[in-house]
Amino acid sequence: MSVKRVVMMTGLSAGLVGALALSGTAHAGELNRGALLSAQCETCHGTDGTGAAPMPSINGMDVADMVDVMKAFASKEEKSTMMYRHAQGYSDEELKAVAEYLKGK
Ligand code: HEC
């Protein structure tokens, strides 16, 4: 095997490892998005959304219910003192990511 061929093969496998590492990172990034976004909720609702009196706990809620409640807050359909403004700051995908993260807490 020529030196040139060995170098090429090494480069190829390094490329493959790199691609695998990248896809791993992308996946972890998706998982962390909910955690990252819900950190904002946790400043009021307590660590992992488990409630910090007098704030209601928001962990373990059904994902669809959480998204519905957030949309109801945003549209003022559900009365609130703070959540009206806060709920407007998230896209549907972000609300879902937050809800999925908090459901497991
Ligand atoms: C600035 C403080 C604050 C932040 C930040 C906040 N909340 Fe709230 N949340 C409240 C308050 C206060 C209520 C009670 C309703 C009201 O008056 O707004 C509430 C109510 C709720 C409720 C209804 C719970 C129930 O049992 O009635 C849900 C669900 C909720 N928040 C989800 C979230 C999510 C998800 C986030 C992050 C995206 C978040 N909140 C961020 C203050 C906050």
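# Why is it called that?

Student: Where does Asp48 lie?

Tutor: Asp48 lies in the loop between H1 and H2. Helices here are DSSP runs of H or I with at least four residues, strands are runs of E with at least two, and numbering starts from the N terminus. Before we go on: this is a predicted model, where local features need pLDDT of at least 70 and side-chain atom pairs count only at pLDDT 80 or more, while totals for chains, interfaces and linings use all residues. Residues are numbered from 1 along each chain as its sequence is written, and side-chain values use heavy atoms, with hydrogens and water left out.

Student: Why is Asp48 called partly exposed?

Tutor: Its relative accessible area is 25%. Buried means under 20%, exposed means over 50%, and partly exposed is in between (1.4 Å probe, protein chains only). The 25% of Asp48 falls between the two cut-offs, so partly exposed is the right label.

Student: And what is odd about its backbone?

Tutor: Asp48 has a positive phi of about 60 degrees, although it is not a glycine. Lys76, in the loop between H2 and H3, also isn't a glycine and has a positive phi of about 70 degrees.

Student: What makes Lys76 exposed or buried?

Tutor: Its 53% relative accessible area lies past the upper cut-off, so Lys76 is exposed.

Student: What kind of peptide bond joins Ala53 and Pro54?

Tutor: A cis one, with omega at about 5 degrees. Pro54 sits in the loop between H1 and H2.

Student: How many helices and strands does the protein chain have?

Tutor: Four helices and zero strands. Read from the N terminus, the elements go α-α-α-α. Buried residues account for 22% of the 105 residues in the chain.

Student: Now Ser38: why does it count as buried?

Tutor: Its relative accessibility is 0%, which is under the lower cut-off, so Ser38 counts as buried. Ser38 belongs to helix H1.

Student: Which residues is Ser38 in contact with?

Tutor: Contact means heavy atoms within 4.5 Å. Setting aside neighbours within four places in sequence, Ser38 is in contact with Val98, Tyr101 and Leu102. The Ser38 side chain also reaches the backbone oxygen of Ala35 at 3.2 Å.

Student: What makes that last one a polar contact?

Tutor: A polar contact is a pair of N or O atoms within 3.5 Å; within protein, one must be able to donate a hydrogen and the other to accept it, and residues adjacent in sequence count only if both atoms are side-chain atoms. At 3.2 Å, the Ser38–Ala35 pair is inside that limit.

Student: Leu36 is in helix H1 too; why is it given the label it has, exposed or buried?

Tutor: Leu36 has a relative accessible area of 66%, so it is exposed. Leu36 and Val98 are 62 residues apart in sequence, with C-alpha atoms 8.4 Å apart in space.

Student: What about Gln40?

Tutor: Gln40, in helix H1, is partly exposed because its relative accessible area is 40%. Leaving out neighbours within four places in sequence, Gln40 is in contact with His86 and Tyr90.

Student: On to the ligand. Which residues come nearest?

Tutor: Of the 19 residues around the ligand, Cys41, Cys44, His45, Thr81 and Met83 do. A residue is near a molecule or strand if one of its heavy atoms lies within 4 Å of it. By class, this shell has 14 nonpolar, five polar and no charged residues.

Student: How do you know that ligand atoms pair up with polar atoms of the protein?

Tutor: A polar side-chain atom of His45 lies 2.7 Å from a ligand nitrogen. For ligand oxygen atoms, a backbone N or O atom of Met82 lies 2.8 Å from one, and a backbone N or O atom of Met83 lies 2.9 Å from one.

Student: Why is His45 called buried?

Tutor: His45 has a relative accessible area of 9%, so it falls under the buried cut-off. Its place is in helix H1, and its side chain reaches the backbone oxygen of Pro56 at 2.8 Å. Beyond neighbours within four places in sequence, the contacts of His45 include Thr50, Met55, Ile58 and Met83.

Terms used
Nonpolar A, V, L, I, M, F, W, Y, C, P; charged D, E, K, R; others polar.
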